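Q: Please walk me through this model, one feature at a time. I would like the general idea each time, and then the case in hand.

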Amino acid sequence: MAHAWMPASPCGPGCHAATMPTVGRFRRFTRLTAAALVLLAALALAPLLIVLRGRSRTATLRWVFTSMLRAFGAELEVHGDNDFARAETQRGALVVQNHVSWLDIVVANAVRPMRSVAKREIGEWPLVGALATRAGTVYLDRASLRALPATVTELAVALRGGAQVNVCPEGTTWCGLAAGHFRPALFQAAIDGGVPVRPIAVRYRLAGGQTTTWPSFVGTETLIDSVCRTARLRGLVIEVHILDEIAPGRADNRADLAELAETQIAAVLAGPGIPAQRRAAHARMLTAAPTDS
């Protein structure tokens with residue numbers, strides 16, 4: 001049941017450009033087949049991940065997620081703190097990013113395998129749900145305010161125990177030409193756990209530099225619709241910008257902490273990849289769109 005806190009985005013099918021460079025049918029088929037094989041391999045490896053530790057576990061997980069990106073013909077570009085990707089540290093951190101696509105969690109884990117917070121429904125998805133659960137995902141029931149304190153507590157315990165946990169604080173997906181505000185609730189876990197917040201900005205673009213909304217998963221479309229559209233796209237490049245940590249104690253409360261992280265990410269995503277006239281037109285479209293979609 002929806003409530004006032006429930007995240008909502010006005011983005012939908014109208015956010016997707018009518019034309020983008022695409023690959024042929026055979027390439028689409030091979031991409032989807034490769035993605036299915038990677039997913040099956042990940043499920044087969046899941047029992048092994050229980051016993052693997054340290055670098056062996058990290059390398060195995062990174063192989064799974066980078067293989068999924070390669071299956072869709074995506075090139076990954078990582079900018080910023082290389083130590084974040086390489087570190088084998090036991091210090092916890094809340095890793096926050098903007099939310100555009102079902103690919104977001106794949107991208108983050110290709111850079112550095114970590115636990116995630118995800119909506120409860122993902123745990124019910126075929127195959128993907130089982131894999132997410134085995135990976136230690138913390139599930140959030142977005143429709144239940146009563147369940148939120150328990151989720152924050154569970155997350156704080158994981159962070160205090162040394163886990164890096166990935167969160168998308170917008171709470172729902174946006175198309176990439178527009179973005180939502182960061183909800184502060186889950187930032188309380190970083191305060192309670194005494195750990196830093198690490199913002200990362202993710203941008204989906206074409207090889208020529210133009211931002212593309214085709215990988216986004218928005219509105220009422222199905223996951224299959226979004227996956228198939230992404231498989232059609234030619235020249236997908238995914239930029240990941242690893243930004244400076246926000247140290248414990250830098251913000252007085254969770255709202256200020258959320259604003260600091262959102263501001264850092266927004267500064268990166270406001271770059272030249274989106275033409276000013278396209279941003280303005282998109283903003284007008286979103287202003288006119290209903291907000292309960």
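A: Gladly! We begin with contact, which means heavy atoms within 4.5 Å. Residues are numbered from 1 along each chain as its sequence is written, and side-chain values use heavy atoms, with hydrogens and water left out. This is a predicted model, in which local features need pLDDT of at least 70 and side-chain atom pairs count only at pLDDT 80 or more, while totals for chains, interfaces and linings use all residues.

Q: Which residues does Arg91 touch, not counting those up to four places away in sequence?
A: Arg91 touches Gly162, Gln164, Pro196 and Glu245. Take Gly162: it sits 71 residues from Arg91 along the chain, yet their C-alpha atoms are separated by 4.5 Å. Across the protein chain, among contacts between residues at least 6 apart in sequence, 79% join residues at least 24 apart.

Q: Where does Arg91 lie, and how is its accessibility classed?
A: Arg91 is in the loop between α3 (82–86) and β2. Such labels are DSSP runs, numbered from the N terminus: helices are H or I, at least four residues, and strands are E, at least two. As for accessibility, buried means under 20% relative accessible area, exposed over 50%, and partly exposed in between (1.4 Å probe, protein chains only). Arg91 counts as partly exposed because its relative accessibility is 43%.

Q: What does Val106 look like by the same reading?
A: Val106 has a relative accessible area of 9%, so it is buried. Val106 belongs to helix α4 and touches Phe65, Met68 and Leu69, leaving aside residues up to four places away in sequence. From Val106 to Leu69 the C-alpha distance is 7.5 Å, with their positions 37 residues apart in sequence. Helix α4 (residues 104–111) is mostly covered, with 7 of its 8 residues buried; besides Val106, these include Asp104, Asn109 and Val111.

Q: How many helices and strands are there in the chain, and how do the strands line up?
A: The chain has 10 helices and 7 strands. Strands of a sheet pair through backbone hydrogen bonds, either parallel or antiparallel; here, two strands pair if DSSP finds at least two bridges between them. The 7 strands of the open sheet follow the order β1-β7-β6-β2-β5-β3-β4, with mixed pairing. At its edges are β1 (75–80) and β4 (138–140), each pairing on one side only. Neighbouring strands are turned by 25° against each other on average, direction ignored; axes are lines fitted to C-alpha atoms, for helices over the stretch in contact, and angles run from 0 to 180 degrees between N-to-C directions.

Q: Which pairs show the parallel and antiparallel senses?
A: Strand β6 (residues 197–206) pairs with β7 (residues 236–242) in the antiparallel sense over 7 bridges, and Tyr204 is bridged to Ile238 in β7. On the other hand, β2 and β6 pair in the parallel sense over 4 bridges, with Arg198 in β6 as the partner of Val95. Further along, β3 and β4 run parallel, joined by 3 bridges, where Ala118 has Tyr139 as its partner in β4.

Q: What packs on the sheet, and are the residues of β6 buried or exposed?
A: Helix α9 (residues 254–269) packs on the sheet, where it touches β2 (93–97), β6 and β7 and makes an angle of about 30° with the direction of β6. In β6, 10 of its 10 residues are buried. In a regular strand the side chains alternate between the two faces of the sheet. Both faces of β6 are covered: one side includes Val197 and Arg203, and the other includes Ile200 and Tyr204.

Q: Which elements give two or more residues to the lining of the second largest pocket?
A: They are β6 and α9, and α9 gives the largest share, 4 residues. For the term itself, a pocket on a 1 Å grid over the protein atoms alone is an open set of points where a 1.4 Å probe fits, with protein on both sides within 12 Å along at least five of seven lines, and lining residues have an atom within 4 Å of a point. Of the 24 lining residues, Gly176, Leu177, Ala178, Ala179 and Leu269 lie nearest the pocket's centre.
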